[in-house]
Amino acid sequence: MIRQIRKIGDLVLRKKAVKVEKISKETQKLVDDMIDTMHHAHGLGLAAPQIGVSQRVAVVEMSEHDEHGQEKSTLYTLINPEIVRKSEEIWEHAEGCLSIPGWRGDVERPLTITVKALDRLGARVRFEATGMLARAIQHELDHLDGVLYIDKLVAPDRVWQVNENEDKETA
Ligand code: NI
């Protein structure tokens with residue numbers, strides 16, 4: 001079910017989300033709704049607070065081209081995610097957010113991270129992510145702590161507007 005995406009100014013986006021104590025049917029439904037909502041918005045990630053649920057759940061979908069040029073996308077469901085390692089190497093890149101439609105801004109983030117989480121079935125996962133995947137995961141984890149990318153801009157004047165057609169692939 002597609003849910004309404006909360007926009008900046010909504011207090012739920014500024015709350016620290018609580019841990020999921022038990023992965024229940026409701027959690028599964030939440031994850032399904034988050035995926036539907038992310039797809040509908042052409043996003044590449046979504047955190048539960050963005051649909052008004054203050055729980056530590058995020059989804060990220062990244063499409064990559066394999067060595068044959070075929071596009072394949074991988075969907076990550078992250079419950080109670082934690083970053084256990086960050087590279088010293090950082091990189092600056094533009095970010096957008098489904099809760100701040102129509103804007104982009106440059107943010108510096110570690111290039112590579114190691115993430116620990118539970119998947120949608122409650123199994124423990126731990127993996128290394130780099131580049132855009134690492135960036136999207138860090139953006140979503142910030143949402144779980146009530147942090148928005150505009151809090152982390154490289155410079156306050158480094159934001160710009162994009163039109164509706166370009167406003168895709170945000171998180
Ligand atoms: Ni966002």
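This report describes the nickel site, the helix α2, the two sheets and the salt bridges of a predicted model.

## The nickel site

Four protein atoms serve as donors to the nickel ion, namely SG of Cys 97, NE2 of His 139, NE2 of His 143 and O of Ala 171, and they lie 2.1 to 2.6 Å from the ion. The angles subtended by the four donor atoms around the nickel ion run from 93 to 133°, and because four donors count as tetrahedral if all angles lie between 85 and 135 degrees, the arrangement is tetrahedral. Along the sequence, the spacing of the donor residues follows the pattern C-x41-H-x3-H-x27-A.

His 139 and His 143 both belong to helix α2, where they are four residues apart, so that about one helical turn separates them. Both of these histidines, His 139 and His 143, are buried.

## Helix α2

The helix that carries the two histidine donors covers residues 131–144. With 14 residues at 1.5 Å a residue, α2 should span 20 Å, and this agrees with the 20 Å that separates its end C-alpha atoms. Of the 14 residues of α2, 13 are buried, so the helix is largely enclosed by the rest of the structure. After α2 comes Gly 146, which has a positive phi, near 75°.

## The five-stranded sheet

One open sheet consists of five strands in the order β1-β2-β3-β6-β7, and the pairing is antiparallel. The edges of this sheet are taken by β1 (45–47) and β7 (124–130), each of which has a single partner strand, so one side of each is left without a neighbour in the sheet. From one strand to the next, the twist averages 40°.

Within this sheet, strand β3 (residues 71–86) and strand β6 (residues 112–118) run antiparallel and are joined by five bridges. Opposite Glu 82 stands Lys 116, which belongs to β6.

## The three-stranded sheet

A further open sheet is formed by three strands in the order β4-β5-β8, again with antiparallel pairing. Here the edge strands are β4 and β8, and since each has a single partner strand, one side of each is left without a neighbour in the sheet. When direction is ignored, neighbouring strands of this sheet are turned by 25° against each other on average.

Strands β5 and β8 run antiparallel and are joined by three bridges. Arg 104 has Trp 160, in β8, as its bridge partner.

## Salt bridges that meet at Arg 158

Side chains of opposite charge can pair when their charged atoms come close. In this model the count of salt bridges comes to 14. One of them joins Glu 92 to Arg 158, with 2.5 Å between the closest N and O atoms. This pair links distant parts of the chain, as Glu 92 is in strand β4 (residues 90–97) and Arg 158 is in the loop between α2 and β8 (159–161), 66 residues apart. Both partners are partly exposed, Glu 92 with a relative accessible area of 35% and Arg 158 with a relative accessible area of 33%.

Arg 158 also meets the side chain of Asp 106 in a salt bridge, at 3.3 Å from N to O. Asp 106 lies in strand β5 (residues 100–110) and Arg 158 in the loop between α2 and β8, so this salt bridge ties together parts that are 52 residues apart in sequence. Asp 106 has a relative accessibility of 12% and therefore counts as buried, because buried means under 20% relative accessible area.

## Salt bridges that involve helix α2

Asp 142 and Lys 152 form a salt bridge through their side chains, at 2.8 Å from N to O. Asp 142 is in helix α2 and Lys 152 is in the loop between α2 and β8, so the pair ties together parts that are 10 residues apart in sequence. In this pair, Asp 142 counts as buried at 12% relative accessibility, while Lys 152 counts as partly exposed at 35% relative accessibility. Asp 142 and Lys 152 also take part in a network of salt bridges, in which they are linked with Glu 95, Arg 109 and Arg 135.

How values were computed
Residues are numbered from 1 along each chain as its sequence is written. This is a predicted model: local features need pLDDT of at least 70, side-chain atom pairs count only at pLDDT 80 or more; totals for chains, interfaces and linings use all residues. Side-chain values use heavy atoms; hydrogens and water are left out. A salt bridge is a side-chain nitrogen of Lys or Arg within 4 Å of a carboxyl oxygen of Asp or Glu. Buried means under 20% relative accessible area, exposed over 50%, partly exposed in between (1.4 Å probe, protein chains only). Donors are N, O and S atoms within 2.8 Å of the metal (3.2 Å for Na, K and Ca); water is not among the atoms, so sites may look incomplete. Four donors count as tetrahedral if all angles lie between 85 and 135 degrees; four count as square planar and six as octahedral if opposite donors are over 155 degrees apart and all others between 65 and 115; anything else is irregular. The expected span of a helix is 1.5 Å times one less than its number of residues. Two strands pair if DSSP finds at least two bridges between them. Axes are lines fitted to C-alpha atoms, for helices over the stretch in contact, and angles run from 0 to 180 degrees between N-to-C directions.
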